[in-house]
Structure formats: structure tokens, C-alpha cells
Amino acid sequence: MALLRYESQVRPALIEGDKDYHQVTEDICRPVEARPTKLWWIGFLFSVLVLCFGILSVTMEVIYGTGQWNLHKTVGWGWDITNFVWWIGIGHAGTLISAILLLFRQGWRTGVNRAAEAMTIFAVICAGQFPIWHMGRVWVAFFTLPYPNTRGPLWVNFNSPLLWDVFAISTYFTVSLLFWYTGLLPDLATLRDRAKLKWRKMFYGVAAFGWTGSTKHWQRHETLALVLAGLSTPLVLSVHTIVSFDFATSVVPGWHTTIFPPYFVAGAIFSGFAMVQTLLVVTRKVLALEEYITIEHIDVMNKVIVLTGSIVGIAYLTELFMAWYSHVPYEWFAFRQNRVNLFSPYGWSYWIMMGCNVLSPQIFWFRKMRRSLMLTFFMSILINIGMWFERFVIIVTSIYRDYLPSSWATYYRPTIWEVGFYMGTFGLFFTCYFLFSKFFPVIALAEIKHILKRSGENYKEKMDEVEHEKVEEFVEQHGHDHGA
Amino acid sequence: MGLRDTGLDRAGFVYGITGTATAVGFITWALTIDWQLNVGGKPFFALPAWIPITFELTVLFASIGMVLTFCYLCQMAPVVKKDHFNLRSTDDTFVMVLECTDKTNEGEVINFMQSIGAEGVQVQYKETEWWLGRYDKNTKRFEKREVITK
């Protein structure tokens, strides 16, 4: 990011209060260095409990087969793939905040990017559970990889979106992990240098890879961050596009539509930002980081939510219109009878989706609503519910009644093990998040120091001096580029 | 600051191209030469279908390659211990380290640093070859002096 000394006073401060670098370090490292609070233990243990129930559900499915789930002809994909797409979608916000906003030089990303990236990694781990365990014969999951074998060698079908998914999700997980971790290195070094206890010194010493803060290392680090950001940006767009291809490349009415790639990507960003809001509204309060994750941050993220929600709304209407305009009777049937018709078995899910995703985020057009924490939290949950229903609607309403009425399926409802599996992934996600917030700094320490001197509240007041400098002086001081 | 450019981004490009070549090369061989699979009557050489995997492998190779190169160039690894002179360098202080030999007049350098506004100056003694760097092997390290400036 360009390390300018000047930022207009019209822009609100991104770091409130009277902070200097040391104070910033103190504020952000304090929750990491403190003992776990009772609240943390309650949350963590509850998450572990839920995770255990998830493990039990998965065990039942592995031992007794996927018949434990209510999947049957023609509903071959139900809660399993709905949840998979839901979690992957959530993961995309983290990469967007870290990578795309870095390329757009948005300083406000520094308050939220570390937590968002961690959320991405945990969400992708949760997402990955579904394609793995839904295989049935999980012990031969490696069949999906192109390895030399004695069966020909039999290679995987490179033309299939299901295989593209394997590569896409693995790459996305690896790159997100690498990006998150290399960004963490300077912060882990800070924790290592502040550590008093022996185990802390060892833990952070090993984790920080010997980072010294040498200028040359910083130069390489910034180059690495920029290139990884440049790679991650198309990666975000491509991964969810590839996930959408699972549906779009089929011939099922309601699935076979070219709008899916942009529709899915916008929806992913939408639900991802909603999940970031859910996490951050709570984190900033509990860890006393309101001066770093300011109302301004919440406001800006809500703007992204209203934007992507509107794109998703337009996509829904486009789909609906094209289903009618195309005069393909099967497509129109899928929309008119299976979705829009409130009296059909799943019509209710379509209207919940419309209400939660299209109508409800419009409230964020109003500034006062964007800056209300209670409303943001409530809306973020509502949006995630809506986005879950979006995937459910796409999958189930299209396949339960498709071409042949004689094949139409009986009503699909999940079993306890499917619900348990989904709840288990929540348990996994929150367990990881609690561990992350305890042992790692939730805010990108080094990056926030980058913007302190131009976006910190106390420095903003000094912008007067800069504004009154003569042009020549200004050019002389700022003329050289810091190699952003 | 006059630092020489890093070659990390060019290395990343090379790793990415390797990924692209690996993906396209392997898939082409597997599906057009080794076992020509008839998928819905489509041509064996279905490049459009292979774009997603090619792109993913490009990104994967570039990322992993760059991160490993970064760790190698900075000589960083999980159990490497480095000396960084002042614990506050990772907190809020800019630290400048000047290497001295027998011939250096320490007093003069300390006075000079303080005159230009150093917050503190320390002299530290380090063993030779104290760091694992490769670029300045010809300079003998004997004493270190540390200057803390803001």
C-alpha cells in the first residue's frame, strides 16, 4: 500500500483514540497474552461439544452408508452439497478483503483482514468436509487425484466440473493458508519478542520463522503479499465459478443457466461479508477492539453487503425472466411451479430466500441502519440464513421434480445425521475461531501500523499542517515513491 | 531507500508458468495419448474444459513456490533463530545496525548518531558469522553497534 503521510480530513479516522505504535501493539496483543476468560471457555467448550456431535453424525454415515441421509432418486444432492456451497461462499469474503482490497489500496481492510482470512480458512475446512464425507467410500477418496495406478493407468475425468472442484478447493485452501500465514509472520514475531513465559517464547519463536524485521525482508514480504493478492483475486472469482459449474454444466432445468458464475460469486461475497460482520461485531466488543474495528469499518462492509445483495437480487429476477422468455417449458416449470408457487412443497423456501436476500439488505441504504450494531448483527444472521436457502432452492427445487413426472421424488427432508453433520461444521468453525482468537492477534498488527500515521485520529488532526504546506515542500517530501 | 529490486516476483512468474505447463502438458498426454476417454462425443483435446484446472495449478505452483523462495531468501524456517538486536524493533522502533571493525572509532560514530537524533545508541558484541546471510561473506564481523532512532 502506498505509504502516504497525507490523507484528507474528510475521511473518517480508521483508528480511534490517541494511539502510537506501542499502544497499538499493547491493545492488540493484550487479549492474546491474557489468560482465557470464562466467556472464552464457555464458547470454546460448547463449540467442541457441537463438533463432537458432528463427528458422531459423520461416523454414523461412514459406517452405515449415505443411506443415513434421506437422499434418494431424484434428490441425489440435498443438505450435503447445499452446505458445501454455503461454506465455500462464506470463505470468499476473507480473500476478497485481504487480496482485492489490497490491490485497491483500501486502508480500512487492515482492521478486519486478519480475522476475515482466518474465517476463510476455517470455512474452507468446513466446506471440504462435505464433498469428502458424502463420497460414501471415503477410504478411497484419493481416487479423485490423478496418480499413476495399475488400473490402466486410469486417470480422472479432467472434463468434469466435479474434478475441477477438487483442484479449485485444494488450491484455494492452500493459497489462503499461505497468504494468511505469511501476513501473520511479523505479528508472531512481535508476540515472540514480548513473550515472558517459556512456552510462549518457544511457540511464537517457532511460529514466527525467525522474522527479524529487516528492511530487505520487509521488501520481499510486501512483494510476496502483493503477488499473492494478485493471484488470489482471480482465484476467488474462479473458485466459486467452478463451484457454480457443478450445476451450470448439467442439463437440469433451473441449473443449466449461464448466469450462475457471476450469480454465485456475488452471492458468495454477500454471505461472506455477512459472516465477517457476525464475527467482528462480537469480537470487537469482547476483545475491546472497538477503536480498531470502528463503526466506519462496519458501515463500509454493510455497503458491500447492500451492493452484492442487490446484484444477487438482479440475478434472481434475471433467472426468472429468462426462464419465461426462453419458452423452454421445463425451465419455466422449475421456476413457476417448483419455486414461485407458494403452494408447492418447497415454495416456502424460495420466498424465504427472496425475503432474506433481496428485501432485507435494502435496509442498508440508510446510513443510520448501516451504523447500528444490533441491526448489523441481526441482518448478518438473516442474510446467512437466506443464502443457505438460496443454495437449497437451487439444488432441491430443481431436481426433485424435473423432466419426467414418473420420476418425481417424495418430499426430501433431512435426517438427524445430516443436521448433525451441518451443526458439527459449525462446531468445527467456532472451535477453530476461538483457538485463533486466543493464540493469534485478531487484527493485522503490522498492517495497522502502516496506516496509523495517516488514518489515526490523533494524526488526522495534524493534517492541517500538511494541508498548509506549500506545494513545492509537499512535492519534495512526498515526491519519491516508497515502492508500494 | 536504495534497496536493490527483489527477484521474487519474477520467480513467481516462472513458477506460475511451470504450473500452467504441467497442467496442460499432463492433461493433454493423459486424455489424448494415454487413455483417450470418450466423454459425450466431445473431442479428445478439449482445451476449454481444462482451463479451470490449468488456472488453479498456475496459481498453486506460483504461490507455494513464492512462499518457499521467500523463506529461502530471508533464511527463515520454523526453528531458525535470528538475532535482531533490539526487542522493540518488532514493536514500535526503527533500528539501524552498523557493523564495525577494529578500525572504527566508536565514540565518533556514537556522537554523530546522537547528533542526528538517535533515541539511544548501544554497542553490542557479536560472534563472527552470526547470521546465515550469503551476500556479504567477505566482510568480517567483529563488533556490532546498534543505533535506535525514531
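**Notebook: the A–B interface and Thr308(A)**

I looked up the contact between the two chains and found that it takes 48 residues from chain B and 50 residues from chain A. I note that the model is a predicted one.

I then turned to the area buried between chain B and chain A, which comes to about 4,400 Å². Carbon and sulfur atoms give 72% of that area. On the side of chain B, I recorded that Glu56(B), Thr90(B) and Asp91(B) supply 14% of the area buried against chain A, more than any other three residues.

Next I checked the polar side of the interface. The rule finds 0 salt bridges between chain B and chain A. It does find 14 residue pairs in polar contact across this interface, with both residues at pLDDT 80 or more.

I looked up which elements of chain B touch chain A. Helix H1 (8-34) and helix H2 (47-73) of chain B are the elements that give two or more residues to that side. H2(B) provides the largest share, 17 residues. By class, I list 34 nonpolar, 5 polar and 9 charged residues on the side of chain B that touches chain A.

My last entry concerns Thr308(A), which I located in helix H9 (residues 295-325) of chain A. Thr308(A) counts as buried because its relative accessibility is 5%, and the cut-off for buried is under 20%. A polar atom of the Thr308(A) side chain lies 2.8 Å from the backbone oxygen of Val304(A). Leaving aside neighbours within four places in sequence, I found Thr308(A) in contact with Ala266(A), Ile269(A) and Phe270(A).

Conventions
Residues are numbered from 1 along each chain as its sequence is written. Chains are lettered from A and ligands numbered from 1 in the order in which they are written. This is a predicted model: local features need pLDDT of at least 70, side-chain atom pairs count only at pLDDT 80 or more; totals for chains, interfaces and linings use all residues. Side-chain values use heavy atoms; hydrogens and water are left out. Contact means heavy atoms within 4.5 Å. Buried area is the accessible area (1.4 Å probe) that two parts lose on being put together, summed over both. A salt bridge is a side-chain nitrogen of Lys or Arg within 4 Å of a carboxyl oxygen of Asp or Glu. A polar contact is a pair of N or O atoms within 3.5 Å; within protein, one must be able to donate a hydrogen and the other to accept it, and residues adjacent in sequence count only if both atoms are side-chain atoms. Helices (H or I, at least four residues) and strands (E, at least two) are DSSP runs, numbered from the N terminus. Ala, Val, Leu, Ile, Met, Phe, Trp, Tyr, Cys and Pro count as nonpolar, Asp, Glu, Lys and Arg as charged, and the others, Gly among them, as polar. Buried means under 20% relative accessible area, exposed over 50%, partly exposed in between (1.4 Å probe, protein chains only).
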